[in-house]
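Reader: I'd like a close look at one part of this protein, the bit around a buried acidic side chain and the strand that comes after it. Could you walk me through what sits where and what touches what?

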Amino acid sequence: MAEVEIVQLLVSPVHRFSGRPGDGPSGGPLDGPGDELVPSVRVRAGLGLVGDRYFGRPAHRNASVTVMAAESLPRDIAPDADLRHTRRNILLRGVDIDALVGSTIVLDSGGGAVTLAVNRPARPCAWLDVTVGPGAQRALRGNGGVRCTPLSDGVLTVGGATFRVLGDETSTASA
């Protein structure tokens, strides 16, 4: 088991971007509900994050939660980049989450252990060059986060948390 930090949580009730990235978003790149960054989120097994646009949607059940490593944010492109820019749900510091595709992980910030199946990479899209800055899509190739299925209910809260990979009690967390 390792100690990690849940840096940010994002729950977005609506899709923020449509059309072609070259045309730009309507309004500014961060226009949208001001309460998308939340201090805690309820996770439901098989459904996702309560209140998120992918919650309970059959087409997204195996990708309803997206986790990203804070260390992967392209700070050289945008020093203030965060989940509002990348459109991921959980920003973790202290673990190479991209290396864990195919694993089952457990994250516990005190509201009950949340188990997630790490299914596949979250491939960066061209919108990142608009929301983060030119070159962000390329910078995040191979480290844009992972798409997960929640396997248990619980509550995640911003702050310190424990992290483990099921079946690997030595843990893969790293600073």
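Author: Here is a walk from the overall fold to that one spot, and then along the strand that follows.

Keep in mind that this is a predicted model. The protein has three helices and ten strands, and along the sequence they run β-β-β-β-α-β-β-β-α-α-β-β-β. Of the 175 residues, 47% are buried. Look at the contacts between residues at least 6 apart in sequence, and 75% of them join residues at least 24 apart. As for the surface, about 8000 Å² is exposed, with carbon and sulfur atoms supplying 49% of it.

Now for the acidic residue. D98 is in the loop between β5 (90-93) and β6 (104-108). What about a salt bridge for this buried side chain? D98 has none: R88 is the nearest side chain of opposite charge, and it is 7.6 Å away. That is outside the cut-off, since a salt bridge needs a side-chain nitrogen of Lys or Arg within 4 Å of a carboxyl oxygen.

So what does D98 have around it? Setting aside neighbours within four places in sequence, D98 is in contact with S72, G142, N143, G144, G145 and V146. One of these, G145, has its backbone nitrogen 2.8 Å from a polar atom of the D98 side chain. If you're picking a distance to look at in your viewer, that G145 one and the 7.6 Å to R88 make a handy pair.

Carry on past the loop and you get to β6, which has a partner in β7 (residues 114-121): the two pair in the antiparallel sense over four bridges. Within that pairing, T104 stands opposite A117 of β7. The β6 and β7 hairpin has five residues between its strands, and G110 there takes a positive phi near 110°.

β6 also pairs with β10 (residues 159-165), again antiparallel and over four bridges. Here L107 stands opposite F163 of β10.

One more stop, in another loop. V38 is found between β1 (2-9) and β2 (40-44). Its C-alpha atom is 8.6 Å from that of T157, although the two residues are 119 apart along the chain. Not counting residues up to four places away in sequence, V38 touches L9, V11 and V158.

Technical notes
Residues are numbered from 1 along each chain as its sequence is written. This is a predicted model: local features need pLDDT of at least 70, side-chain atom pairs count only at pLDDT 80 or more; totals for chains, interfaces and linings use all residues. Side-chain values use heavy atoms; hydrogens and water are left out. Buried means under 20% relative accessible area, exposed over 50%, partly exposed in between (1.4 Å probe, protein chains only). Contact means heavy atoms within 4.5 Å. Accessible areas come from the Shrake-Rupley method with a 1.4 Å probe; for residues, only the protein chains shown count as cover. Lys and Arg count as positive and Asp and Glu as negative; His and the chain ends are not counted. A polar contact is a pair of N or O atoms within 3.5 Å; within protein, one must be able to donate a hydrogen and the other to accept it, and residues adjacent in sequence count only if both atoms are side-chain atoms. Two strands pair if DSSP finds at least two bridges between them.
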